[in-house]
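The following exercises concern one helix and the nonpolar cores of a protein chain. Please work through each task before reading its solution.

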Amino acid sequence: MEINLKKASLIQRYKRFLADITLEDGSDCTIHVANTGAMTGCAVPDDTVWYSTSDNLKRKYPFSWELTQTDKNHFICVNTIRANQLAEQAILNGTITELQGFETLNREVKYGEENSKIDFHLVDKAGRETFIEVKSVTLLEEDQGYFPDAVTLRGQKHLRELIAMAEKGHRAVLLFAILHSGINDIKPAEHIDAKYTTLLREASQQGVEIIAYKAIFQKAETSFIVTLANKAPVIL
């Protein structure tokens with residue numbers, strides 16, 4: 001995925017969906033933040049922000065925060081919308097070898113008993129269904145990647161739904177999209193959300209497949225190419 005981006009400096013993130021930045025010409029402005037998480041380590045004042053510009057003239061905030069470049073020169077994709085886009089690309093181009101051999105791929109399909117939508121629903125020639133939930137991983141602490149970065153009731157619900165699908169004989173997959181160049185493997189963040197950790201381990205025991213793929217970031221003159229490219233360990 002290639003994204004045209006411009007460079008700025010972060011002043012602060014606030015109100016979850018907004019951040020103030022200083023542009024290269026020295027002026028300040030407010031941009032949109034497509035991320036509901038804590039963004040721990042991803043929103044440090046004075047870090048470099050790489051932002052995209054929307055063509056929609058009706059948007060109040062035309063700029064969107066896409067990447068953070070940290071003082072350690074790590075790149076982090078903070079726009080959580082990109083996780084599903086990158087995952088779909090990696091499924092379709094064969095990078096995620098575990099998710100091949102399907103006939104149809106559908107997005108945002110309603111399923112389960114808790115009013116959920118699955119990110120991707122695959123069906124193979126034999127009619128076997130695969131339910132795939134995608135989670136964006138950006139939390140790095142002491143050289144270790146973790147998920148989640150805040151208590152996630154929604155994430156807990158998704159694990160319960162995947163467990164139920166596995167119990168019904170369907171294939172259920174949790175795909176961690178590692179969108180931080182400094183993260184090489186991930187663990188459940190038990191110190192942040194113990195309930196999620198318990199459910200994740202239960203899901204693994206109940207037949208839910210848990211896999212992770214790491215993004216690579218390639219900088220061109222006025223754009224970044226971001227792809228999910230490398231499989232990474234999940235340490236339960």
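**Exercise 1: helix α3 and its surroundings**

State which elements help to cover the buried residues of α3.

Solution. The cover includes β10 (129-137), β12 (144-147), α2 (153-167), β13 (171-178), β14 (186-188) and β15 (209-219). The model is predicted, so local features need pLDDT of at least 70 and side-chain atom pairs count only at pLDDT 80 or more, whereas totals for chains, interfaces and linings use all residues. Residues are numbered from 1 along each chain as its sequence is written, and side-chain values use heavy atoms, with hydrogens and water left out.

The residues covered are Tyr-196, Thr-197, Leu-199, Leu-200 and Ala-203, where buried means under 20% relative accessible area (1.4 Å probe, protein chains only). Seen down the helix axis, they fall within an arc of 165°, so they line one face of α3; the arc is that of the directions from the axis to the C-beta atoms.

**Exercise 2: the ends of α3**

Describe what is found at the start of α3 and just after α3.

Solution. At the start, a side-chain oxygen of Asp-193 reaches to within 3.3 Å of the backbone nitrogen of Lys-195. Just after the helix, Gly-207 takes a positive phi of about 100°.

**Exercise 3: the nonpolar cores**

Identify the element that gives the most to the largest nonpolar core.

Solution. A nonpolar core is a set of buried Ala, Val, Leu, Ile, Met, Phe, Trp, Tyr and Cys residues joined through side-chain atoms within 4.5 Å. The largest has 30 residues, and Ile-96, Ile-132, Val-134, Leu-175, Leu-179 and Leu-228 have the most contacts inside it. Helix α1 gives the most, with five residues. A second, separate core of 24 residues includes Leu-199.

How values were computed:
Buried means under 20% relative accessible area, exposed over 50%, partly exposed in between (1.4 Å probe, protein chains only). Helices (H or I, at least four residues) and strands (E, at least two) are DSSP runs, numbered from the N terminus. Contact means heavy atoms within 4.5 Å. A polar contact is a pair of N or O atoms within 3.5 Å; within protein, one must be able to donate a hydrogen and the other to accept it, and residues adjacent in sequence count only if both atoms are side-chain atoms.
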